[in-house]
Amino acid sequence: MNRFFLQAGALLAGLSVALGAFGAHAFKVALEAANRTDTFETAARYQMYGALALIFVGILSEKIPHKFLNWAGYLLLIGTLIFAGSLYLICATGVTMWGAVAPIGGTALIAGWIFFFLGVAKK
């Protein structure tokens, strides 16, 4: 097992729950006023998807040790941080320019899933 991916996934998952709760309660009025509730929910959801994917990569890396799985893990981590992070920044700052950064994270996430596919397809 790749302990780094397991730990990163667990940390991201926990933070996703905490941030989701923060957005649903303490930050709710501000998000509604800025019409950013959907943006915040998307960030928390994709953060959780990335977290679960990292945990999955961490577990599979023991059974299928392949460099593409390592690449998948790093790309999924980077993509999650950039994608969800840019959406959180839009919500927190109101600066919509951060939306231009989100596709970089999305591209890294897509690449991570492609490397995941390649890693499990190789023997």
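**Exercise 1. Find the contacts of Leu-81, and place the residue.**

Leu-81 touches Leu-12 and Ser-86, leaving aside residues up to four places away in sequence. The model is a predicted one. Next, place the residue: Leu-81 sits in helix α4. Then check its surface. Its relative accessibility is 49%. Exposed would need over 50%, so Leu-81 counts as partly exposed. Last, look along the chain. Leu-81 and Gly-105 are 24 residues apart in sequence. In space, their C-alpha atoms are 7.3 Å apart.

**Exercise 2. Decide whether Ser-86 is buried or exposed, and list what it touches.**

Start with the position. Ser-86 lies in helix α4, which covers residues 67-93. Now take the accessibility, which is 2%. Buried means under 20%, so Ser-86 counts as buried. Then list the contacts, again without residues up to four places away in sequence. Ser-86 touches Leu-81, Trp-98, Val-101 and Ala-102.

**Exercise 3. Describe the chain as a whole.**

Count the elements. The chain has five helices and zero strands. Read from the N terminus, the order is α-α-α-α-α. Take the dimensions next. The C-alpha trace spans about 50 × 25 × 15 Å along its principal axes. Then turn to burial. Of the 123 residues in the chain, 38% are buried. Finish with the contacts between residues at least 6 apart in sequence. Of these, 76% join residues at least 24 apart.

**Exercise 4. Work out how α4 and α5 are arranged, and which residue classes meet there.**

First, the geometry. The axes of α4 and α5 come within 7 Å and cross at roughly 160°. An angle over 145 degrees counts as roughly antiparallel, so α4 is roughly antiparallel to α5. Second, the handedness: α4 passes α5 in a left-handed crossing. Third, the classes. The contact of α4 with α5 has 19 nonpolar residues, seven polar and no charged.

**Exercise 5. Do the same for α3 and α5, and name the residues that meet.**

Locate the helices. Helix α3 covers residues 37-63, and helix α5 covers residues 102-121. Their axes are 12 Å apart, at an angle of about 25°. An angle under 35 degrees counts as roughly parallel, so α3 is roughly parallel to α5. The crossing of α3 and α5 is left-handed.

Now name the residues on each side. From α3 come Tyr-46, Ala-53, Phe-56, Val-57 and Leu-60. They meet Leu-109, Trp-113, Phe-116 and Val-120 of α5. By class, the contact of α3 with α5 holds nine nonpolar residues, no polar and no charged.

**Exercise 6. Classify the ring pair of Phe-27 and Phe-40.**

Begin with the count: the whole structure has 12 aromatic pairs. A ring pair is described by the distance of the centres and the angle of the planes. For Phe-27 and Phe-40, the centres are 6.0 Å apart and the planes are at 65°. An angle over 60 degrees counts as edge-to-face, so this pair is edge-to-face.

Next, ask what the pair links. Phe-27 is in the loop between α1 (3-24) and α2 (28-33). Phe-40 is in helix α3. The two are 13 residues apart, and the pair links distant parts of the chain. Both Phe-27 and Phe-40 are buried. One more step shows the wider group: Phe-22, Phe-27, Phe-40 and Tyr-88 form one aromatic cluster.

**Exercise 7. Classify the pair of Tyr-46 and Tyr-49, and find how exposed each residue is.**

Take the distance: 5.3 Å from centre to centre. Take the angle: 70° between the planes. Tyr-46 and Tyr-49 are therefore an edge-to-face pair, as the angle is over 60 degrees. Look at the spacing too. The two are three residues apart in helix α3, so about one helical turn separates Tyr-46 from Tyr-49. Now the surface. Tyr-46 has a relative accessible area of 34% and is partly exposed. Tyr-49 has 46% and is partly exposed.

**Exercise 8. Find what stands out in the backbone of Asn-35.**

Locate Asn-35 in the loop between α2 and α3. Read its phi: a positive value of about 55°. Asn-35 has this value although it is not a glycine. Check the surface last. The relative accessible area of Asn-35 is 67%, so the residue is exposed.

Terms used: Residues numbered from 1 in each chain as written. Predicted model: local features only at pLDDT ≥ 70, side-chain atom pairs only at ≥ 80, totals over all residues. Heavy atoms only, no water. Axes fitted to C-alpha atoms, helices over the stretch in contact; angles between N-to-C directions. Helix = DSSP H or I, 4+ residues; strand = E, 2+ residues; numbered from the N terminus. Parallel < 35°, antiparallel > 145°, perpendicular 65-115°, else oblique. Left-handed = near helix turned anticlockwise from the far one by under 90°. Contact = heavy atoms within 4.5 Å. Nonpolar A, V, L, I, M, F, W, Y, C, P; charged D, E, K, R; others polar. Phe/Tyr/Trp six-rings, centres within 6.5 Å; stacked < 30°, edge-to-face > 60°. Buried < 20%, exposed > 50% of the residue type's maximum accessible area, 1.4 Å probe, protein only.
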